[in-house]
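Work through the following exercises with the sequence and the model side by side. Each one sets a task and then solves it step by step.

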Amino acid sequence: MRKLLVTTIATGLLLVGCNSTKTTDKLASQTPIATSIDLTKVVNDKAPVTINPGRFTQETVTYRLPRVVQGTYSVSDFGKYIDDFKAFDYKGNELATVKTDTNTWTIANATQLDYITYNANDTFDQEVTGGIGGEAPFSPAGTNIEPTNYVLNLHGFIGYFDSLKDSQYSLDVTAPADFKRTSALQETGKKVSKDGKIATSSYFAPRYFDITDNPMFYGDLDVEEFQVGDIKIVLSVYSPNKVHTAADIKAVMEKMMQAQKTYLGDIDSTPRYDIYLYLSEGKDDSPKGFGALEHHTSTVVVLGESMPFEALAESMIDVVSHEFFHIVTPLSVHSEDVHYFDYNQPTFSKHLWMYEGVTEYFATLFQVDQGLIETEEFYGDILGKIQTSANLNDNMSFTVMSENVLEEPYASQYYNVYMKGALIGMCIDIILREESNGDRGILSLMKELSNKYGKNKPFEDDKLIDEIIAMTYPSVGEFLNTHVVGDTPIDYAVYFKKVGLNMDSGKVKTNYIQNDGALIFAPDRATMTIPFSEAVKDNSFWNDNGVLPGDVIKTVDGKELNLATAQQILTSMYMWQPGTDINVVLDRDGKKVVIKTKLTQSYTTGTKLVEDPNATDAQKRIRQAWLKG
């Protein structure tokens with residue numbers, strides 16, 4: 001999963017993957033569980049679902065929608081979005097059912113159970129109110145049901161019987177015949193009605209995991225395909241107002257993913273990879289959780305349709321590169337917690353530093369390794385992560401946080417897996433380069449782990465660090481035990497020194513809502529406003545335009561800024577590019593101040609990485625190996 005920084009910024013403003021579960025359910029028939037979703041019979045954004053499990057041999061069975069889905073580290077409660085749950089016997093009579101919690105139903109007289117039906121509501125519409133009875137799922141994990149677009153994250157439509165997650169599933173999706181449809185699940189058949197207006201596509205899933213791991217897009221889609229080595233990439237885009245095209249985005253993705261495949265080399269991959277991009281209109285009922293959710297062979301991305309193409313391209317590189325690198329971990333390297341995932345009461349691995357952190361590090365490093373960005377930009381990205389991480393809890397054991405990520409005080413620190421987690425990967429990479437005279441790095445370590453385990457063999461969570469030490473050097477173990485298992489903050493200057501770099505202060509580029517990673521606002525919950533803080537003085541754009549601490553932004557390009565609209569508007573401001581015309585209205589002690597101008601690059605005083613003029617040949621050699629493999 002990859003949440004964009006702006007989602008976390010807005011939240012901060014408001015706050016100032018077979019199954020080992022033992023059950024008693026038994027199935028007499030081992031035929032596939034027959035499931036269907038009918039998109040031609042949607043009423044009030046609810047799609048009818050039918051589940052036919054075959055015959056049971058005991059009197060009571062349990063059916064669930066996922067409470068948590070793989071790749072997310074928060075509670076989604078997809079059972080909240082299920083209405084009109086009913087069970088029927090073989091004579092068509094309704095059986096008694098009891099909803100025992102948010103996501104669970106028990107069915108009596110199960111030996112007579114023929115099928116169940118219910119209506120699945122979408123989650124995108126619920127985000128404006130925080131979901132039904134709580135927080136809505138992160139948008140890329142959510143669902144959408146509207147006349148021109150259906151985001152079918154199947155875990156939002158299809159549940160499981162406790163003992164049958166390893167059973168095969170068949171799935172029929174009925175929709176208007178003129179709908180474009182893309183699916184990471186292989187289509188096994190298609191039937192068209194006599195009048196040619198309705199088509200039913202059939203799919204097959206070996207087990208419930210494959211239902212949750214293979215999203216679909218239906219509707220008015222723009223689809224492009226391209227080849228990256230031996231991988232077919234399918235890009236499906238939904239842009240409600242046709243602002244952006246799949247062809248334009250394809251050019252960006254193809255260049256990036258070719259570079260990724262070159263960087264990865266011989267790491268085992270998938271024959272097909274799907275990218276599903278939903279572009280949000282920014283309305284009240286539009287999805288607001290920008291970012292992406294990985295699956296083993298696909299990713300679902302949600303971004304803003306109003307973003308300029310340059311900003312959209314930058315965001316796609318940011319999130320899709322991260323998700324694609326998940327084919328390394330957790331696809332090829334993962335723990336038992338991932339392999340035997342419990343959708344209702346999951347346990348979490350201690351190693352989010354690897355799943356998300358190393359993945360994020362790869363997504364940053366490969367760009368300089370493959371010449372997509374210059375070293376100065378790479379250094380800036382790394383320093384930005386250091387600054388953002390410093391604003392989170394830097395004295396928290398990463399393994400403890402990972403294992404308890406659903407609970408506070410750890411849940412609110414999750415974003416640090418993309419910041420400090422990536423920096424942990426960087427430090428291990430530099431240690432390995434130093435110890436091996438440049439020959440080994442963290443990518444080679446992940447390849448060794450992948451060769452030892454692979455997608456069908458999980459590692460034991462408590463033994464991973466010892467295995468890494470055995471594969472590498474005692475210094476790697478010392479680092480992990482001190483800074484990952486332990487709670488000692490990392491002195492990054494020590495690791496930069498190993499590659500002949502010094503941390504220095506000076507003039508650095510920044511954006512229009514931060515100085516060197518730190519926000520320039522001081523939200524006031526008493527007045528429900530977002531005034532500028534003292535930090536605005538050190539943001540050259542705003543300072544040059546006469547903005548003062550305490551000035552309150554009233555509108556941005558005609559849209560009112562308040563705590564309710566902060567995420568949408570600050571997202572757009574974060575994506576601003578020099579040369580864009582803006583119109584910002586401020587309130588200064590009751591007086592209206594208008595800033596109507598063209599954006600110029602903003603600068604602040606921040607930390608820079610500079611080459612040490614006294615660096616040794618060994619340091620330079622390690623730096624070259626670090627940056628260019």
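**Exercise 1.** Find how β14 and strand β17 pair, and place them in their sheet.

Solution. Strand β17 covers residues 216-219, and it pairs with β14 in the antiparallel sense over four bridges. Two strands count as paired if DSSP finds at least two bridges between them, while the strands themselves are DSSP runs (E, at least two residues) and helices are runs of H or I with at least four residues, numbered from the N terminus. At one point of this pairing, T182 stands opposite F217 in β17. Both strands belong to an open sheet of four strands with the order β10-β11-β17-β14 and antiparallel pairing. The edge strands of this sheet are β10 (144-146) and β14 (180-183), each of which pairs on one side only. From one strand to the next the twist averages 10°, where axes are lines fitted to C-alpha atoms (for helices over the stretch in contact) and angles run from 0 to 180 degrees between N-to-C directions.

Before you go on, note that this is a predicted model, in which local features need pLDDT of at least 70 and side-chain atom pairs count only at pLDDT 80 or more, while totals for chains, interfaces and linings use all residues. Residues are numbered from 1 along each chain as its sequence is written, and side-chain values use heavy atoms, with hydrogens and water left out.

**Exercise 2.** Trace the open sheet that contains β7, β8, β4 and β12.

Solution. Begin with the order, which is β7-β8-β4-β12 with antiparallel pairing; the edge strands are β7 (97-101) and β12 (160-161), and each pairs on one side only. Next, take β7 and strand β8 (residues 104-107), which pair in the antiparallel sense over four bridges and form a hairpin with two residues between them. Within this pairing, the bridge partner of D101 is T104 in β8. Then turn to strand β4 (residues 61-64), which runs antiparallel to β12 and is joined to β12 by two bridges; here Y63 stands opposite F161 in β12.

**Exercise 3.** Locate the residues with special backbone geometry and say where they lie.

Solution. The peptide bond from T329 to P330 is cis, with omega near 15°, and P330 lies in the loop between α4 and α5 (336-339). A cis peptide bond also leads from E408 to P409, with omega near 10°, and P409 is found in the loop between α8 (398-403) and α9 (416-435). Finally, N109 has a positive phi of about 50° although it is not a glycine, and N109 is found in the loop between β8 and β9 (113-121).
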